[in-house]
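User: I am new to reading protein structures, and I would like to go through one step by step. Could we work through it as questions and answers?

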Amino acid sequence: MLGAFAVVVFLVTIFILTAVNRIADHTNNLDEQRSRATTSGAVHTFQDQLHATLNDYAAWDDAANFVYAPDGQDWIVSNFGDMTVNSDLFDVAILLDADRNVLMAYQDGHPVMWSPGEYFDASLWTLFDKAKSAGPESVPEATGFTATNKGISVTGVALVREKSGAIDLPAEKRRYLVFARHLDDDKVAALAETYVIGGLHFVGANEELPNAVEIRNVHGRLLAKLGWTPRKPGDVSYLQVRPLVYSAVAMVGLFFMLLLVAGTNTLNRLKADEAAARRLSMTDRLSGLMNRTGFFVALDEMVEEAARGEQSVTLLYLDLDGFKEVNDAYGHGTGDTLIRSVAAGLRMLVSEDVVLARVGGDEFAIAVLSVEPGGQATILCERILGFFEEPFVIGERVAVIGTSIGIAISPRGVVSGGELVRRADMAMYRAKDGGRSRSEYYKPEMDAEREERLHLEIDLRIAIERRELMVVYQPVVSAADGRIVGVEALARWNRKGHGPVSPDVFIPIAETSGLIDQLGLFVLHRACETLKRWPSLKLSVNVSPGQFRDPAFPQNVASVLRKTEARSADITLEMTEGYFIQNADRAKTSMAELRRLGVHIALDDFGAGFSSVGYLRQFGFDRMKIDKSLIHALDHERSAVDMLHATVALARSLDIPVTAEGVETDAQALQLRLTGCDQLQGYLFGQPMTADDIDGLFQRDERRAIFSLA
């Protein structure tokens, strides 16, 4: 019996030890698989981060303007080359033309002497060709690992284009941005710390490891291997429990229980690590919110849940109003802090079960699952808009921004996540067009309107390129004797196949599509050429905020004056007051550069907006134009005369001459003359007319008064 029992105990011990050994090996294998998967994910995330950074810099409206501008080299170096110094995002920035010629090349903040073909392996040109040959339905970008003279790097090539993806240049004139981010020992150590991979390192030529992750270029060439130190949790557990087995076979049952607990804890830890890595890949690094990838996954899951539970998904799509101005004025650092502040505020406004994400540079999305979506969405929008009414304090700076919100609903989950985003995005743009800092629900007719707006934008772009727009001129007369003293140049568009398009329609489209720079310079150039026909007349040209925000605007004006040989003293640029109040420092700089050219600056539409006395004194305008709303009020409001007197008296006290626009009756003209306005403009003296019609007025008798004031 004892012998039999001993044999049984011996066999049981052997079986137990064998089982424990197999469990230890299996646990080790699971840990190795986890390490391999995590390391592969870390390498892909490293590549994806460069891809996202490249997309932000290449698909950028400012980049699309300056990269193709003849005088944009300083901007290119400042925004691409200088950004390579001590940057964790990229350390090499190269700008190439379509023939692979280097237009700029920087590494670690300094210009480089090497050529891309010498520094990178041949896979660089494969990435370049892939980005260059991308079709209209594909994103013109490509990334991959390459070998360099410094080691290995993840390298990306992207076509420089507008944020919308639009580019109107032929293929041979396009330019491509190349970013490289080297993967060195320090970055590998950082990946090891972030993804909890012990001893992650480059595998040496003579080092033999059973497991390693290979890094290859797009041609399949092996560039490097990443290995790690196995933790072998199974061996650790086995060494802990083995003495118990040898000391007491009677505790075999307890021994198995301990193994089961240890194995379960290990598996749970592996699952937790994998879940953490997945969450990290779906988190926006700047704001801490869910990123675009994570948002679409969560939104699709929410739509599926709504379809199962007879609920609805409401999507709020937010775009910050004025963020670009803050970012341009104070720099990307302040802009990043502002994004984090907005994210923190939104997180406080929504509940835990709401999906909140940053889906773009200054775009956020909020998805809510509910039974009654309409009322809840309205309340949430009101809270969000109220939050943006308060200024953001960033260090010593105060930033005032707003947000435009588009709302779309998927009742019972019948609308897919992608379509829901498209609808909310469309509603958001409608809210922006309607005045900003407001919300708008999606309506089916928006699709047709957007299609028509797109066709209008395309036709307008073609019309500007082909110089098919017309410039008309409205007379400006002396209030003293009615003599024509100047003209205001205005753009008019007769759309082919459709007829005239109101400036109130095509000017906003030019503003939002980025065409306003081309349109404004076209009007200025044509008007300056025409002004030679009227030697004694002055010319006024409207300048939009979009033009004035362009740092190259003064240089563009100088170029027009040089090409047309127009006298700068005869030119007055008219600007509205809103931009000066929002961007005082940049406005002063631009005005100083324009005044050095000799042109005059007029404050347009005074009385229709902020009408700040402080800003009148601060900027020292050369002329004030009273808005037509004050003129028309003379016929209906008793207080309008007093208001007009006060306005003109204010201008006179600051030694600013005054032009009244929108004059339509003799009574208005008389009142304005008595008030002290020195120039008048309006339908009473002539509607906008062609240059030939102005010739008729001017040549008939330059000194003859157009009208006679009693």
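**Reading a predicted model**

Analyst: We can begin with one residue: Asn86 is exposed, with a relative accessible area of 80%. Please keep in mind throughout that this is a predicted model.

User: Where does Asn86 lie, and what is its phi near?

Analyst: Asn86 belongs to the loop that runs between α3 (73-81) and β1 (92-97). Most residues other than glycine have a negative phi. Asn86 is a residue other than glycine, yet its phi is positive, with a value near 50 degrees.

User: In which strand does Asp605 lie, and what is its phi, about?

Analyst: Asp605 lies in strand β22, which covers residues 600-606, and with a relative accessible area of 25% this residue is partly exposed. Although Asp605 is not a glycine, its phi is positive, at about 55 degrees.

User: Which residue follows α10, and what is its phi near?

Analyst: Helix α10 spans residues 323-330, and Phe323, Glu325, Val326 and Asn327 are buried in it. The cover over these buried residues includes β10 (312-321), α11 (332-349) and β14 (397-399). After α10 comes Gly331, whose phi is positive and near 100 degrees.

User: Is Ala42 buried or exposed, and which residues does it touch beyond four places away in sequence?

Analyst: Ala42 has its place in helix α1 (residues 2-58), and its relative accessible area is 1%, so it is buried. The C-alpha atoms of Ala42 and Leu191 are separated by 6.6 Å, although these residues are 149 residues apart along the chain. Leaving out residues up to four places away in sequence, Ala42 touches Leu191 and Tyr195.

User: Which helix gives the largest share of the nonpolar patch?

Analyst: The patch on the surface is formed by Leu244, Met251, Leu254, Met257, Leu258 and Val261, which together have about 490 Å² of accessible area. One of these residues, Leu254, is partly exposed, with a relative accessible area of 40%, and its place is in helix α8. The largest share, four residues, comes from helix α8 (residues 252-281).

User: How far does the backbone nitrogen of Ala480 lie from a polar atom of the side chain of Ser478?

Analyst: Ser478 is found in strand β17, made of residues 470-478, and because its relative accessibility is 12%, Ser478 counts as buried. Between a polar atom of the Ser478 side chain and the backbone nitrogen of Ala480, the distance is 3.2 Å.

User: How many disulfides does the count come to?

Analyst: A disulfide is a covalent bond between the sulfur atoms of two cysteines. Cys528 counts as buried at 1% relative accessibility, and Cys677 counts as buried at 4%, but burial does not settle the question, because the rule asks for a pair of cysteine sulfur atoms within 2.5 Å. By this rule, the number of disulfides is zero.

User: How many salt bridges does a search of the whole structure find, and how many residues apart in sequence are the parts tied together by Glu452 and Arg495?

Analyst: The search of the whole structure finds 32 salt bridges, and in one of them the side chains of Glu452 and Arg495 meet at 3.1 Å, N to O. Glu452 lies in helix α14 (residues 445-465) and Arg495 in strand β18 (residues 484-495), so this pair ties together parts that are 43 residues apart in sequence.

User: Between which elements are the loops that hold Glu468 and Lys496?

Analyst: Glu468 and Lys496 form a salt bridge, with their closest N and O atoms 3.3 Å apart. Glu468 is in the loop between α14 and β17, while Lys496 is in the loop between β18 and β19 (499-501).

User: How many residues apart in sequence are the parts that Asp695 and Arg533 tie together?

Analyst: Asp695 forms a salt bridge with Arg533, and the closest N and O atoms are 2.2 Å apart. Asp695 lies in helix α25 (residues 691-700), and Arg533 lies in the loop between α16 (516-531) and β20 (538-542), so the parts tied together are 162 residues apart in sequence.

User: Which residues are joined into one network by salt bridges that share partners?

Analyst: Where salt bridges share partners, they can be followed from residue to residue, and here they join into one network Glu419, Arg422, Arg423 and Asp447.

How values were computed. Residues numbered from 1 in each chain as written. Predicted model: local features only at pLDDT ≥ 70, side-chain atom pairs only at ≥ 80, totals over all residues. Heavy atoms only, no water. Buried < 20%, exposed > 50% of the residue type's maximum accessible area, 1.4 Å probe, protein only. Helix = DSSP H or I, 4+ residues; strand = E, 2+ residues; numbered from the N terminus. Contact = heavy atoms within 4.5 Å. Patch = residues over 30% accessible without salt bridge, like charges linked within 9 Å, V, L, I, M, F, W, Y side chains within 5 Å. Areas by Shrake-Rupley, 256 points an atom, 1.4 Å probe, with all protein chains shown as cover. Salt bridge = Lys/Arg side-chain N within 4 Å of Asp/Glu carboxyl O. Polar contact = N/O pair within 3.5 Å; in protein donor to acceptor, adjacent residues only side chain to side chain.
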